Amino acid sequence: MTETGQQNRPETSGAESTGEGAGKNAGVKRGDAGTRGRTTIADGVVEKIAGMAARDVVGVHAMGSGISRAFGAARERMPGTTKSVSRGVKVEAGESQTAIDLEIIIDYGVSITDVAGAVRESVISAVEWMTSLEVVEVNIAVSDVKLPDEEEEEEEQPRLR
């Protein structure tokens, strides 16, 4: 894939293309910016991208198992903390490829295979576009179904003792 913003740029500097500047760099062509250093992307970055992309799919009620959601809800009630977008997401990222495991809760009444396919497509698209990593697999584990009459675990208020 090409570097973003580099597609339509000439390989010579402005001075060479306009005929100005006969300094020591005149006539020297510059290589692709991607060859002048290395970019590394942490697993946590890919986890957040995948988590956001999965949550955007209609039919996904929540991410993570019941236990991880309970711990996450308790942690989010503490002052200064934010909602974890990477809950239910596990990533193994290399230099050019990544594999993603998702644990999701589906809304009752939707096709699990359709939702899983839409999640897979959304996650692959977002991760590959934002990171340029090749997504080799997206494994989805549906751990629960949210029934219409069930109370939200995360909305329960803690009891004061």
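Buried residues account for 25% of the 161 residues in the protein, which is seen here as a predicted model. The accessible surface adds up to about 11,200 Å², and carbon and sulfur atoms own 50% of that. As for the fold itself, there are four helices and four strands. Read from the N terminus, the elements come in the order α-α-β-α-β-β-α-β. Contacts often reach far along the chain: of those between residues at least 6 apart in sequence, 71% join residues at least 24 apart.

Next comes the inside of the protein. The largest nonpolar core has 24 residues, and the ones touching the most other members are Ile100, Leu102, Val119, Val123 and Val127. Quite a few elements chip in: α2 (43-55), β1 (60-63), β2 (89-93), β3 (97-107), α4 (112-131) and β4 (134-146) each bring at least two residues to this core. Helix α4 gives the largest share, with six residues. Leu102 shows what such a core position looks like up close. Setting aside neighbours within four places in sequence, Leu102 is in contact with Val119 and Val123, with Ala54, Met63, Gly88 and Val89, and with Val138, Asn139, Ile140 and Ala141.

Helix α4 deserves a look of its own. With 20 residues, α4 spans 28 Å from its first C-alpha to its last, close to the 28 Å expected at 1.5 Å a residue. Its buried residues are Val115, Ala116, Val119, Val123, Ala126, Val127 and Thr131. These sit on the same side of α4, because they cover an arc of only 110° around the axis. Turn to the other side of the helix, and Thr113, Asp114, Glu121 and Trp129 are exposed. What do the buried residues of α4 pack against? Their partners are α2, β1, β3 and β4. After α4 comes Ser132, which has a positive phi, near 65°.

Ile112 also belongs to helix α4, but this residue is partly exposed, at 38% relative accessibility. Not counting residues up to four places away in sequence, Ile112 touches Ile106 and Val142. Val142 lies in strand β4 and is likewise partly exposed, with a relative accessibility of 33%. Under the same exclusion of residues up to four places away, Val142 touches Ile104 and Ile106 as well as Ile112. Along the chain, Val142 and Ile112 are 30 residues apart, while their C-alpha atoms are separated by 8.1 Å. Another pair involves Val60: Ile112 and Val60 are 52 residues apart in sequence, with 9.4 Å from C-alpha to C-alpha.

Finally, there is the matter of charge. Side chains of opposite charge can pair when their charged atoms come close. How many salt bridges does the structure hold? There is one, and it links Lys90 with Glu92, whose closest N and O atoms are 3.5 Å apart. Lys90 is partly exposed, with a relative accessible area of 46%. Glu92, at 53% relative accessibility, counts as exposed, because the cut-off for exposed is over 50%.

Technical notes:
Residues numbered from 1 in each chain as written. Predicted model: local features only at pLDDT ≥ 70, side-chain atom pairs only at ≥ 80, totals over all residues. Heavy atoms only, no water. Core = buried A, V, L, I, M, F, W, Y, C linked by side-chain atoms within 4.5 Å. Buried < 20%, exposed > 50% of the residue type's maximum accessible area, 1.4 Å probe, protein only. Contact = heavy atoms within 4.5 Å. Areas by Shrake-Rupley, 256 points an atom, 1.4 Å probe, with all protein chains shown as cover. Expected span 1.5 Å × (residues − 1). Arc of directions from axis to C-beta. Salt bridge = Lys/Arg side-chain N within 4 Å of Asp/Glu carboxyl O.
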